[in-house]
Amino acid sequence: QLQLVESGGGLVQPGGSLRLSCAASGFTLDYYAIGWFRQAPGKEREGVSCISSSSGFTNYADSVKGRFTISRDNAEKTVYLQMNSLKPEDTAVYYCAAGRVDCGLEYEYNYWGQGTQVTVSS
């Protein structure tokens with residue numbers, strides 16, 4: 001069964017850090033690009049970052065550039081999102097998704113995780 005499971009969310013103070021993990025099972029992660037998305041209450045889901053299947057290409061939303069870093073370990077079938085200098089506006093449910101198109105549009109991601117809550121608050 002194809003599955004993505006996010007973990008690593010939680011409550012953190014402004015300026016703090018979290019590392020999210022996206023663990024894949026039931027398929028070969030090597031062939032898939034992975035995207036991280038987030039959805040805050042009352043807002044539409046937005047793309048945060050993506051990494052190509054070969055790790056040769058990464059992309060970030062302007063709002064997280066310089067603060068977030070995406071990486072992948074295909075041997076461990078896991079993709080990470082290191083989030084530093086967190087701000088209250090980063091509060092959202094974070095989702096990872098897998099797709100065959102490198103950093104494609106949201107609808108091009110075939111598999112989605114259930115999400116992990118990130119709350120940035122003092």
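## Arginine 38 and its surroundings

In this predicted model, arginine 38 has a long list of contacts beyond its neighbours within four places in sequence. Among them are Glu44, Arg45, Glu46 and Val48. Ser63, Val64 and Phe68 also touch arginine 38. So do Glu89, Asp90, Ala92, Val93 and Tyr94.

Arginine 38 sits in strand S4, which covers residues 33-39. Is arginine 38 buried or exposed? Its relative accessible area is 6%. The cut-off for buried is under 20%, so arginine 38 is buried. Two polar contacts of its side chain can be named. One goes to the side chain of glutamate 46, at 2.7 Å. Another goes to the side chain of serine 63, at 3.4 Å. Both partners also appear in the contact list of arginine 38, as Glu46 and Ser63.

## Arginine 67

Arginine 67 lies in a loop, between strand S6 (58-60) and S7. Its relative accessibility is 10%, so arginine 67 counts as buried.

With which side chain does the side chain of arginine 67 make a polar contact? The partner is aspartate 90, at 2.7 Å. Asp90 is also among the residues that arginine 67 touches when those up to four places away in sequence are set aside. The others are Gln82, Met83, Asn84, Ser85, Leu86 and Lys87. Asp90 is in the contact list of arginine 38 as well.

## A four-stranded sheet

Four strands form an open sheet. Their order is S1-S3-S8-S7, and the pairing is antiparallel. Which strands stand at the edges? They are S1 (3-7) and S7 (68-73). Each has a single partner strand, so one side of each is left without a neighbour in the sheet. On average, neighbouring strands here are turned by 15° against each other, direction ignored.

Strands of a sheet pair through backbone hydrogen bonds, in a parallel or an antiparallel sense. S1 pairs with strand S3 (residues 18-25) in the antiparallel sense, over five bridges. Leucine 4 has alanine 24 as its bridge partner in S3.

## Cysteine 22 to cysteine 96

How many disulfides does the model contain? The count is two. One of them joins cysteine 22 to cysteine 96, with an S to S distance of 2.1 Å. Cysteine 22 belongs to strand S3 and cysteine 96 to strand S9 (residues 92-99), so this pair ties together parts that are 74 residues apart in sequence.

The torsion about this S-S bond, between cysteine 22 and cysteine 96, is about 75°, so the disulfide is right-handed. Cysteine 22 and cysteine 96 are both buried.

## Cysteine 50 to cysteine 103

Cysteine 50 and cysteine 103 form a disulfide too. Their sulfur atoms are 2.0 Å apart. This pair also links distant parts of the chain, 53 residues apart. Cysteine 50 is in strand S5 (residues 46-51). Cysteine 103 is in the loop between S9 and strand S10 (111-112).

The link of cysteine 50 and cysteine 103 is right-handed, with 115° about the S-S bond. Both of these cysteines, 50 and 103, are buried. What is the pairing when the bonded cysteines of the chain are numbered in sequence order? It reads 1-3, 2-4.

Key:
Residues numbered from 1 in each chain as written. Predicted model: local features only at pLDDT ≥ 70, side-chain atom pairs only at ≥ 80, totals over all residues. Heavy atoms only, no water. Pairing = 2+ DSSP bridges. Helix = DSSP H or I, 4+ residues; strand = E, 2+ residues; numbered from the N terminus. Axes fitted to C-alpha atoms, helices over the stretch in contact; angles between N-to-C directions. Buried < 20%, exposed > 50% of the residue type's maximum accessible area, 1.4 Å probe, protein only. Polar contact = N/O pair within 3.5 Å; in protein donor to acceptor, adjacent residues only side chain to side chain. Contact = heavy atoms within 4.5 Å. Disulfide = S-S within 2.5 Å.
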